[in-house]
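Here is a short round of questions on one protein chain. Look over the sequence and the model, then work through the answers.

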Amino acid sequence: MASDRQKEILTLFELVAKPVSQVSLSLRGAAGASLVPSDAELLRIRTNLNLRGRGIGITPRGVPCSLFEWETMEEATKLASLLVAQPTYEEFYKVSMAVRVEVNEEIYVFANMSALIQRKDTSHVRLPPIEEVLPYWYFPSTVISKADSLVKEAADETVGSFTLYIGFQYSFILFFKSQERLVVNYEFAHNERDHEFRVAYFREDIAVNSHHWHWHVAYPFTWEPSQGGMKDRKGELFYYMHQQVIARYDVERLCNSLSRVRPLSDLREPVKEGYFPNLVSTISGTHYEPRSSNMLLKDIEGNTLERLTLWKNRIFEAVHMKFAINEKGERVPLVEPLGIDILGSMVEPAALSLNRPFYGEYHNFGHRIIARIHDPESRYSESRGVMSSTATAMRDPIFYRWHKEIDNIFNEYKEGLQPYTKSEVEWGDVVVNNVSVRGDVTKNTNLLQTYWQDREVLLSSGVDFGRTNPVFVNMRHLQHEEFQYDIEVDNISGNERKATVRIFLAPVFDEFQDKLSLTEQRRLYCELDKYQTNLKAGKQVITRRSEQSNVTLPTVMGFNQLANSNLPETPEEGFCGCGWPGHLLLPKGRPEGMRFVLVVVLTNWEEDKVENLPDKVCGDAASYCGLRNQKYPDKRPMGFPFDRRFSTGAQLSDFLTSNMAEKEIIIRHSGEIVDVKGIFQPAPIF
């Protein structure tokens, strides 16, 4: 069974809109129950804390928050700092319970998760999946309504069953006894009439959106060193994580015969893409507002499109001049290795921005103005769209257009850097002779398969249905067969060496089926893995499993699994909530097969290593998420060696050095479905 502390932490997030006295204590162990203060003590704690005097509890409860607004994030940061400052775990737990009914629910969840990541006495605790804490961020109101109807209709005995078909998804629904499970299906927003529906499986993937949420919990833009902890290369991580998201999305679009994303550069032209999320807060009943096609962005209260354009021009001027101006009026060079980190903090912007009054809030304000496109003047008191929250923004097609615009700024900076010289890329001690992959299912060399897989997510931990039935949502997501890399290496140094292995994947052809130039392909390289390995002298084959990837997270455990698991209390485990979903390590490919180039690069660990890193840290997804309160575990620029332009040749073969190898592989999508029991089903026929 799970530790008492793990169970206690879970109770902080169970039905967060309700007072603790109204929440089931089923997850609490004996020690947890003894920690729960009486109502009188909770009141005393709240009184002594003087929350309003601390700037906490200002945002009303029941109101969806914009996590891209400084005022909201400052309140969340103050609450997180208060929770981190509690001298003991017991005091932290009681303060968290006490403030629960005083602060906005979304701020409460953000601050608690941020504090749990930072506190040493909770570093071993796994955070519950955010989709089970605040499910209305992830599941349309139709799903929650159908689940509610199932619960109300459920009898004391099983009364029947039926199969529910929605779009290309389906689920076997049973009516069970009052203590048994109920399952309802999920449907993506829109339908086949909207061509963007082809990539809805990516945009609305729960784990993709959860990853974005957790990254911003781990790296809030309001963080400063005075708050404690370490957020090493935070600005560069902001650039690289989002660059990889855009690269992966562009590749998925190519898999589905769609063009690559066009940046949202002209803020005056109509926004072609509409989006109707069908999300409704179960706490307040507030809708996340839709956006019709061809709407126009307009000035909103507190800021204008003209100012947004001014900020962009100032940032581009800094990029081209290779220096920025800080608040003292001093020039700060934008040169490597710190230039990209400084620029990332300027663009987001973070509290660490050199000069936020001058360079503004380009990225964050873009999210806010898009989220208010339907009611820019608040004339009708409408709520915001999904672009207002880090938990929901990636559902919207416009997110990718906006972030392509943001990535273009970083690419402009990278294009201005000198290309890597041969000596900066080559490692003369090592020759990579070949690389190949072999799937566990297909058993074919350099042919990998993707398919659909069903997964169940607990809904009743975040929605009160008034009964004790566990209610689940059946989700369908992309999955791939597990596979193995075989890398043929010759260590010609005569001695043992330690190498960093860097693995990337990119498509071969563009949307017109023309071969991509290396310049175009560079921005489409998706990092698949990065790890260290020891090389003995001479020839050898390095093997690596796909599920070991340093980019992805293993399967996330839900409330029930965490409460009933026997997990070791591993330090740093809590930070593992951040990471790219493992089931999306590979792009979808096509039914007929799609050609990709796989590239492996071995570099000298003696030149890559960061000194004084602890042996045991949560590094499941360090490439995109870093390490908790530690230096980023690689001295090289993120994305090396594809982060800069190339000096010679138009093809990859012209760029390869002896410590690199490429191999063309095929990814084929079978269309088959694996249900929650692991049973293959044939592809649906339309």
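Q: In this predicted model, which residue's side chain does the side chain of Y201 join in a polar contact of 2.9 Å?
A: Y201 sits in helix α9, residues 200-203. Leaving aside neighbours within four places in sequence, Y201 is in contact with several residues, including E252 and N256. The polar contact of Y201 with E252 is 2.4 Å. The side-chain polar contact of 2.9 Å is with N256.

Q: Is Y201 buried or exposed?
A: The contacts of Y201 include F188, W452, L478 and K588, not counting neighbours within four places in sequence. Its relative accessible area is 4%. The cut-off for burial is under 20%. Y201 is therefore buried.

Q: What distance separates the C-alpha atoms of Y201 and R395?
A: Along the chain, Y201 and R395 are 194 residues apart. In space, their C-alpha atoms are separated by 9.6 Å.

Q: How are α11 and α16 oriented to each other?
A: Helix α11 spans residues 234-255 and helix α16 spans residues 397-415. Their axes come within 9 Å and cross at roughly 120 degrees. Angles of 65 to 115 degrees count as roughly perpendicular, and those over 145 as roughly antiparallel. The angle of roughly 120 degrees fits neither range, so α11 and α16 are oblique.

Q: What is the handedness of the crossing where α11 passes α16, and how many nonpolar residues does the contact have?
A: The crossing of α11 with α16 is left-handed. Residues of α11 including F238, V245, I246 and Y249 meet residues of α16, among them F399, Y400, I406 and F410. By class, this contact of α11 with α16 has three polar and four charged residues, and the nonpolar ones number nine.

Q: How is α11 oriented to α13?
A: The axes of α11 and helix α13, residues 339-347, come within 6 Å. They cross at roughly 80 degrees. Angles of 65 to 115 degrees count as roughly perpendicular. That makes α11, relative to α13, roughly perpendicular.

Q: Which residues of α13 make the contact with α11?
A: The α11 side supplies K234, G235, E236, F238 and Y239. By class, the contact of α11 with α13 has three nonpolar, three polar and three charged residues. The α13 side supplies I340, D341, G344 and S345.

Q: Which residue's backbone nitrogen lies 3.2 Å from a polar atom of the side chain of S281?
A: S281 is in the loop between α11 and α12. It is buried, with a relative accessible area of 3%. A polar atom of the S281 side chain lies 3.1 Å from the backbone nitrogen of I283. The backbone nitrogen at 3.2 Å belongs to S284.

Note on methods:
Residues are numbered from 1 along each chain as its sequence is written. This is a predicted model: local features need pLDDT of at least 70, side-chain atom pairs count only at pLDDT 80 or more; totals for chains, interfaces and linings use all residues. Side-chain values use heavy atoms; hydrogens and water are left out. Axes are lines fitted to C-alpha atoms, for helices over the stretch in contact, and angles run from 0 to 180 degrees between N-to-C directions. Helices (H or I, at least four residues) and strands (E, at least two) are DSSP runs, numbered from the N terminus. Angles under 35 degrees count as roughly parallel, over 145 as roughly antiparallel, 65 to 115 as roughly perpendicular and the rest as oblique. A crossing is left-handed if the near helix is turned anticlockwise from the far one by less than a right angle, and right-handed if clockwise. Contact means heavy atoms within 4.5 Å. Ala, Val, Leu, Ile, Met, Phe, Trp, Tyr, Cys and Pro count as nonpolar, Asp, Glu, Lys and Arg as charged, and the others, Gly among them, as polar. Buried means under 20% relative accessible area, exposed over 50%, partly exposed in between (1.4 Å probe, protein chains only). A polar contact is a pair of N or O atoms within 3.5 Å; within protein, one must be able to donate a hydrogen and the other to accept it, and residues adjacent in sequence count only if both atoms are side-chain atoms.
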